[in-house]
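Colleague: Please take me through one part of this model in close detail. Start from a loop and follow the packing inward. Short sentences will do.

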Amino acid sequence: MRKRIPIGVCILVTIMSCIATYLITSIAMNSSHQQELNVLKEKASFYDKLSDVFRRVETSYIKGTEESNMDDAYLGAYIASLDDPYSAYLTKEEMEEYLSANEGNMIGIGINAVLDDDTGGIYVARVMNGSPAQKAGLLKGDIIIQAGDLEINNNFDEAIQVIRGNDGEAVTLKVKRGSEILEFTIVREKFPYESVIYEALDYNIAYITITEFDGKTAEAFAEALEKAKNDGCEKYLFDVRNNPGGDLNAIVAVLDKLLPEGPIINIVDRKGNTTTKRSDAACLEAPMVVLVNENTASAAELFTAALRDYKLATIVGTTTFGKGTMQTITTLPDGSGLRLSTYYYNPPFGENYNGVGITPDVVIEMPEELSKKFYKLTKEEDNQLQKAIEILK
């Protein structure tokens with residue numbers, strides 16, 4: 001059925017056009033505002049053009065329109081025109097998913113998975129604690145060969161879409177475990193995402209992996225440090241490889257546990273105004289190594305840069321991604337959202353790393369054949385990890 005152009009859009013275009021016309025008339029009375037006048041003339045011309053396009057689509061487009069899609073498409077295109085890969089318009093559904101994830105919660109079955117080149121199935125690289133997958137009995141190393149009615153056969157993206165779903169809905173998986181073929185029916189639900197993973201290694205090394213910085217990372221990180229202390233660990237290995245970054249408050253709280261008194265981050269706006277977050281005097285006094293790679297980004301790069309600036313850690317791995325900007329997330333009245341780059345993340349003392357990345361103190365490339373199966377590597381196969389352990393030994 002043919003849909004009408006949203007009346008709100010038409011009204012908005014008309015009002016904005018009238019306002020622009022009024023302002024042009026007012027400013028024209030004052031010749032000192034010629035530049036503002038020219039800008040408003042351009043805006044008025046654009047709104048007239050936009051209104052004309054809307055009318056032509058409404059009256060002539062052969063297929064009709066879906067008004068539910070038009071507002072999202074228009075706003076999405078506007079933000080995309082900024083040519084900033086980190087700014088985006090989010091639909092209501094996308095915003096709900098983002099807010100849940102930022103709080104440290106996810107909806108799904110609770111696995112990290114990669115394509116298994118040997119079988120064409122989905123290799124379960126990690127089963128999260130407290131997740132539906134763990135409750136159902138799925139294990140790390142299992143290979144999912146069928147999801148619902150879909151036989152995987154290298155159809156990774158399609159399979160992931162089948163495995164994902166809504167809270168309370170079930171998905172049936174066929175899994176290869178050794179020589180056995182098992183079947184699991186798992187009900188998707190909201191569960192706490194495990195962003196900090198702790199393990200005690202030989203040589204009194206605490207191995208702490210931070211997968212991202214979300215609303216629960218700071219608390220989980222503090223618990224990991226406490227466990228390490230109780231286990232008698234005296235050296236710390238922080239793995240932020242493939243960490244995409246995350247929440248400002250989380251990264252500040254985490255770094256406050258490690259840094260001495262002084263700046264943690266300098267937040268700089270478009271006019272050059274700077275706000276500095278600072279650490280108290282309490283800090284971790286121990287040898288440290290940070291593991292990074294080309295997918296270490298944003299807040300994870302700040303984590304790396306701060307420890308580097310204070311000369312507290314040796315950085316090992318490959319040059320990081322290079323995202324030194326911060327995004328402000330705004331929930332719009334209808335539940336949709338806007339993610340907009342509004343600040344630069346500047347390290348305590350060093351230069352901003354946006355578009356450049358952070359070069360490690362010890363550069364260790366991972367061979368391509370190992371990179372392809374990163375999440376399947378044993379500790380012994382992981383050459384970057386082994387170098388980090390060697391340095392701490």
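Modeller: Tyr203 is found in the loop between β10 and β11. Keep in mind throughout that this is a predicted model. Phi of Tyr203 is near 65 degrees, which is positive, and the residue is not glycine. Most residues other than glycine have a negative phi. Tyr203 has a relative accessible area of 47%, so this residue counts as partly exposed.

Ser298 makes a useful comparison. Its phi is also positive, at about 55 degrees, and Ser298 is not a glycine either. Ser298 belongs to the loop between β15 and α9. Its relative accessibility is 4%, so Ser298 counts as buried. Buried means under 20%.

Now the setting. The chain has 11 helices and 19 strands. Of its 393 residues, 42% are buried. Take the contacts with a separation of 6 or more: residues 24 or more positions apart account for 65% of them.

Next, the interior beyond the loop. The largest nonpolar core holds 43 residues. Which of them touch the most other members? They are Ile208, Phe238 and Phe303. Start with Ile208. Neighbours within four places in sequence aside, it is in contact with Val196, Ile197, Tyr198, Phe221, Ala224, Leu225, Tyr236, Leu237, Phe238 and Asp239. There is also a second, separate core of 19 residues, with Ile144, Ile152, Ala159 and Ile160 among them.

Then the rings. The whole structure contains 6 aromatic pairs. In one of them, the ring centres of Phe213 and Phe303 are 6.2 Å apart and the planes meet at 40 degrees, so this pair is tilted. Phe213 lies in the loop between β11 and α7 (217-230), and Phe303 in helix α9 (residues 299-309). The pair therefore ties together parts that are 90 residues apart in sequence. Both Phe213 and Phe303 are buried.

Phe303 has another ring partner. Phe238 and Phe303 form an edge-to-face pair, 5.6 Å centre to centre, with 85 degrees between the planes. Phe238 is in strand β12 and Phe303 in helix α9, so this pair ties together parts that are 65 residues apart in sequence. Phe238 is buried, as is Phe303. Ring pairs join Phe213, Phe221, Tyr236, Phe238 and Phe303 into a cluster.

Follow the chain on from β12. Arg241 is in the loop between β12 and α8. Buried or exposed? Arg241 has a relative accessible area of 6%, so it is buried. Leaving out neighbours within four places in sequence, its contacts are Tyr207, Leu291, Val292, Asn293, Thr296, Met366, Phe374, Asp382, Gln384 and Leu385. With one of these, Gln384, there is a side-chain to side-chain polar contact of 2.9 Å.

The loop that holds Arg241 leads to α8. Asp247 caps the N-terminal end of that helix. A side-chain oxygen of Asp247 lies 3.2 Å from the backbone nitrogen of Asn249. Helix α8 covers residues 248-258, and its buried residues are Leu248, Ala250, Ile251, Val252, Val254, Leu255 and Leu258.

Gln384, the polar partner of Arg241, takes us to α11. At the start of α11, a side-chain oxygen of Asp382 comes within 3.3 Å of the backbone nitrogen of Gln384. Asp382 is also among the contacts of Arg241. Helix α11 covers residues 383-392, with Gln384, Leu385, Ala388, Ile389 and Leu392 as its buried residues. Down the axis of α11, these fall within an arc of 135 degrees, so they line one face of the helix. An α-helix has 3.6 residues a turn, so residues three or four places apart point the same way. Which strands does that buried set pack against? They are β10 (196-201), β11 (205-210), β12 (235-239), β15 (288-292) and β16 (313-317). That returns us to the starting point, as β10 and β11 are the strands on either side of the loop with Tyr203.

Two charge-over-ring placements are worth finding too. The charged end of Arg126 sits over the ring of Tyr193, 5.6 Å from its centre. Lys323 lies over the face of Tyr86, 4.7 Å from the ring centre.

Technical notes: Residues numbered from 1 in each chain as written. Predicted model: local features only at pLDDT ≥ 70, side-chain atom pairs only at ≥ 80, totals over all residues. Heavy atoms only, no water. Buried < 20%, exposed > 50% of the residue type's maximum accessible area, 1.4 Å probe, protein only. Helix = DSSP H or I, 4+ residues; strand = E, 2+ residues; numbered from the N terminus. Arc of directions from axis to C-beta. Contact = heavy atoms within 4.5 Å. Polar contact = N/O pair within 3.5 Å; in protein donor to acceptor, adjacent residues only side chain to side chain. Core = buried A, V, L, I, M, F, W, Y, C linked by side-chain atoms within 4.5 Å. Phe/Tyr/Trp six-rings, centres within 6.5 Å; stacked < 30°, edge-to-face > 60°. Lys NZ or Arg CZ within 6 Å of the ring centre and 35° of its normal.
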